[in-house]
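I set out to read one structure from its fold down to single side chains. These entries record what I looked up, in the order I took the topics.

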Amino acid sequence: SFAYTIGYYKKYVPNSFFFKFIYSSKLIIAALILIIMVPFGKSYLINLYKMAPLYEFGQWAPENIKPGTYIGLLHWGDFPRAFYTAERYSYSMALDPMFSYYIYPERTKKIEMFRLGNQLITPVELYEALGTEYLYASKHDHRAVMYLLDNGAQLLYNDKQGCLLKLPTTE
């Protein structure tokens with residue numbers, strides 16, 4: 001029974017063949033598990049994190065936005081994707097968000113809390129926090145985008161990778 005097994009665990013389990021085999025060959029078993037998992041893990045990670053540059057946005061932007069325009073981003077991971085195809089623009093976050101935390105800790109915390117859905121702020125407050133009326137949001141931010149659109153933001157551009165919103169500057 002279960003109670004018997006639990007009560008006499010130290011007497012029977014360490015002496016079992018299975019336990020002795022695992023204990024004596026734990027490095028070999030760990031190596032086999034790694035050898036088996038690496039190819040599956042690698043293909044999974046490649047497909048999970050493989051995100052193409054924003055080619056369609058890069059083609060649309062020069063015809064519709066002035067070069068040098070400052071565009072806000074909710075995710076620092078969107079920066080390389082956007083900058084690769086639309087390098088004529090300035091973006092609110094670059095490769096390391098810690099620079100933003102160091103220089104503007106309260107502003108960055110407010111943006112991050114909004115992005116995570118922990119704090120709702122108005123589009124005007126987001127405009128003030130970002131310092132720009134333009135916001136690029138990737139497809140992963142659909143809840144934030146819907147909230148902003150319901151509260152006065154204007155959709156300027158949309159594709160399968162994300163969208164560009166124009167935030168209102170006054171209430």
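The entries below go from the whole chain to selected residues and then to the largest pocket.

**Entry 1: the chain as a whole.** I noted at the outset that the model is predicted. I looked up the secondary structure and found 10 helices and 5 strands. I then turned to burial: of the 171 residues in the chain, 31% are buried. For the contacts with a separation of 6 or more, I recorded that 55% join residues 24 or more positions apart.

**Entry 2: aromatic rings.** I searched the whole structure for aromatic pairs and obtained 8. One of them is formed by W60 and Y157, whose ring centres lie 4.8 Å apart with 35° between the planes, a tilted arrangement. I asked where the two partners sit in the chain. W60 belongs to helix α5 (residues 55-64) and Y157 to strand β4 (residues 154-158), so that the pair links distant parts of the chain, 97 residues apart. Are these two residues buried or exposed? With a relative accessible area of 19%, W60 is buried, because the limit for that class is under 20%. Y157 is likewise counted as buried, at 8% relative accessibility. I also noted that W60 and Y157 belong to one aromatic cluster with F57 and Y136.

**Entry 3: a charge over a ring.** I looked up R107 and found that it lies over the face of Y104, 4.2 Å from the ring centre.

**Entry 4: S92.** I located S92 in the loop between β2 (90-91) and α7 (98-103). Its relative accessible area is 14%, and S92 is therefore classed as buried. Which residues does S92 contact, leaving aside its neighbours within four places in sequence? I listed Y70, I71, G72, L73 and L130. For L73 I recorded a polar approach as well: its backbone nitrogen lies 2.8 Å from a polar atom of the S92 side chain.

**Entry 5: D78 and helix α6.** I found D78 in helix α6, which covers residues 78-85. D78 counts as buried, at 4% relative accessibility. Not counting residues up to four places away in sequence, D78 touches L73, Y136 and S138. Two of these names had come up before: L73 is in contact with S92, and Y136 is a member of the aromatic cluster. I then took the helix as a whole and noted its buried residues as D78, F79, R81, A82 and T85. What do the buried residues of α6 pack against? I recorded α5, β1 (70-73), β2 and β3 (134-138).

**Entry 6: E125.** I placed E125 in helix α9, residues 123-130. E125 is partly exposed, with a relative accessible area of 29%. Its side chain reaches the backbone nitrogen of T122 at 2.8 Å. I also looked up the spacing to K110: E125 and K110 are 15 residues apart in sequence and 9.3 Å apart in space, C-alpha to C-alpha.

**Entry 7: the largest pocket.** I looked up the volume of the largest pocket and noted about 190 Å³. Its lining consists of F114, R115, L116, G117, L120, H140, D141, H142, R143, A144 and Y147. Which elements give two or more residues to this lining? They are α8 (105-116) and α10 (142-150). The largest share, 4 residues, comes from α10.

Technical notes. Residues are numbered from 1 along each chain as its sequence is written. This is a predicted model: local features need pLDDT of at least 70, side-chain atom pairs count only at pLDDT 80 or more; totals for chains, interfaces and linings use all residues. Side-chain values use heavy atoms; hydrogens and water are left out. Rings of Phe, Tyr and Trp (its six-membered ring) pair if their centres lie within 6.5 Å; planes under 30 degrees apart count as stacked, over 60 as edge-to-face and the rest as tilted. Buried means under 20% relative accessible area, exposed over 50%, partly exposed in between (1.4 Å probe, protein chains only). A charge sits over a ring if NZ of Lys or CZ of Arg is within 6 Å of the ring centre and within 35 degrees of the ring normal. A polar contact is a pair of N or O atoms within 3.5 Å; within protein, one must be able to donate a hydrogen and the other to accept it, and residues adjacent in sequence count only if both atoms are side-chain atoms. Contact means heavy atoms within 4.5 Å. On a 1 Å grid over the protein atoms alone, a cavity is a set of points where a 1.4 Å probe fits but cannot get out, and a pocket is an open set with protein on both sides within 12 Å along at least five of seven lines; lining residues have an atom within 4 Å of a point. Grid points are joined across faces, edges and corners, and a volume is the space filled by probe spheres set on the points.
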